[in-house]
Amino acid sequence: ARMERAVFDHDGTLDKFLGDGLMATFGTPEPGPQDASNALACAQTMIAAMDVWNRERQAMGAEVIRISIGLHYGGVVLGDIGSDRRLEFAVLGDAVNVASRLEGLTRRLDVRVAVSDDLIERARGEAAEEATGETDELLAKLTSAGPQDLRGRDEPIVVWAR
């Protein structure tokens with residue numbers, strides 16, 4: 001519920017719950033002028049919400065829960081996928097796969113968020129158009145993790161992390 005709230009508070013769409021995680025998209029079904037910035041802000045809110053919850057859990061003697069977030073920017077295919085017997089509204093494409101691989105990369109890099117350079121570049125463009133400077137603050141919290149190999153990709157992609 002905490003993560004779901006973060007998605008909706010930043011104009012995201014909750015695509016699905018996946019085991020102990022979720023997949024969210026920004027700019028679906030209609031692209032907006034701040035989709036990359038909204039995704040970054042959502043990740044920041046998720047981290048903060050998890051930090052609060054982990055403090056509550058520790059006070060009760062429970063284990064800390066690790067959060068892992070992968071963010072990528074790119075085109076997707078959106079629509080009904082399936083057959084007459086099983087139909088699902090889904091988001092598919094390379095951008096979805098890369099975001100998933102970035103989420104997995106967080107463990108190897110020992111970070112909570114891994115962000116593609118594509119999303120960073122888009123967010124920088126959005127920041128140039130916004131008046132608040134909020135996106136610049138979010139970008140300043142990320143550090144370069146350099147080029148990273150991702151399963152299913154021929155070339156490494158530049159990753160930023162927090």
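Is D110 buried or exposed? In this predicted model, D110 is exposed, because its relative accessible area of 62% lies above the 50% cut-off. The residue sits in the loop between α3 and β6. Its phi is positive, about 55°, although D110 is not a glycine.

D11 gives a second case of positive phi in a residue other than glycine, with a value of about 60°. D11 follows α1 and belongs to the loop between α1 and β1. Its relative accessibility is 60%, so D11 counts as exposed. Another backbone feature occurs in the loop between β2 and α2, where P29 is found. The peptide bond from T28 to P29 is cis. Its omega is near 5°.

The helix ahead of D11 was examined next. In α1, the residues M3, A6 and V7 are buried. They span an arc of only 100° around the axis, and therefore lie on the same side of α1. An α-helix has 3.6 residues a turn, so residues three or four places apart point the same way. The buried residues of α1 pack against three elements: β1 (12-18), β2 (21-26) and α2.

The largest nonpolar core holds 26 residues. Within this core, L40, M46, I69, L71, V115, L119 and L142 touch the most other members. Two or more residues each come from α1 (2-9), α2 (35-59), β3 (69-71), β6 (113-116), α4 (117-129) and α5 (134-140). The top contributor is α2, with 10 residues. Nonpolar side chains tend to be buried together in soluble globular proteins.

The contacts of L40 were listed without residues up to four places away in sequence. On that basis, L40 touches L71, V115, L119, A123, L138, L139 and L142. A separate core lies apart from the largest one and has seven residues. Among them are V98, L105, L150 and I157.

Internal space was then considered. The structure holds one cavity of 30 Å³ or more. The volume of the largest cavity is about 70 Å³. Its lining consists of L40, A43, Q44, I47, V113, L138, K141, L142 and R162. By type, this lining divides into six nonpolar residues, one polar and two charged. Here α2 gives the most, with four residues. Thus L40 and L142 recur: both line the largest cavity, and both are among the residues that touch the most other members of the largest core.

The largest pocket has a volume of about 1400 Å³. Its lining comprises 48 residues. L22, M23, A24, I69 and G70 lie nearest the pocket centre. The elements that supply two or more residues to this lining are α1, β1, β2, α2, β3 and α3 (94-109). The lining includes 28 nonpolar residues, 12 polar and eight charged. I69, listed at the pocket centre, also appears among the best-connected members of the largest core, those that touch the most other members.

Finally, L87 was considered. L87 is placed in strand β5 (residues 87-92). With 54% relative accessibility, L87 counts as exposed, because exposed means over 50%. Beyond residues up to four places away in sequence, L87 touches D80, I81 and G82. K16 is 71 residues from L87 along the chain. The C-alpha atoms of L87 and K16 are separated by 14 Å.

Conventions: Residues are numbered from 1 along each chain as its sequence is written. This is a predicted model: local features need pLDDT of at least 70, side-chain atom pairs count only at pLDDT 80 or more; totals for chains, interfaces and linings use all residues. Side-chain values use heavy atoms; hydrogens and water are left out. Buried means under 20% relative accessible area, exposed over 50%, partly exposed in between (1.4 Å probe, protein chains only). Contact means heavy atoms within 4.5 Å. A nonpolar core is a set of buried Ala, Val, Leu, Ile, Met, Phe, Trp, Tyr and Cys residues joined through side-chain atoms within 4.5 Å. The arc is that of the directions from the helix axis to the C-beta atoms. On a 1 Å grid over the protein atoms alone, a cavity is a set of points where a 1.4 Å probe fits but cannot get out, and a pocket is an open set with protein on both sides within 12 Å along at least five of seven lines; lining residues have an atom within 4 Å of a point. Grid points are joined across faces, edges and corners, and a volume is the space filled by probe spheres set on the points. Ala, Val, Leu, Ile, Met, Phe, Trp, Tyr, Cys and Pro count as nonpolar, Asp, Glu, Lys and Arg as charged, and the others, Gly among them, as polar.
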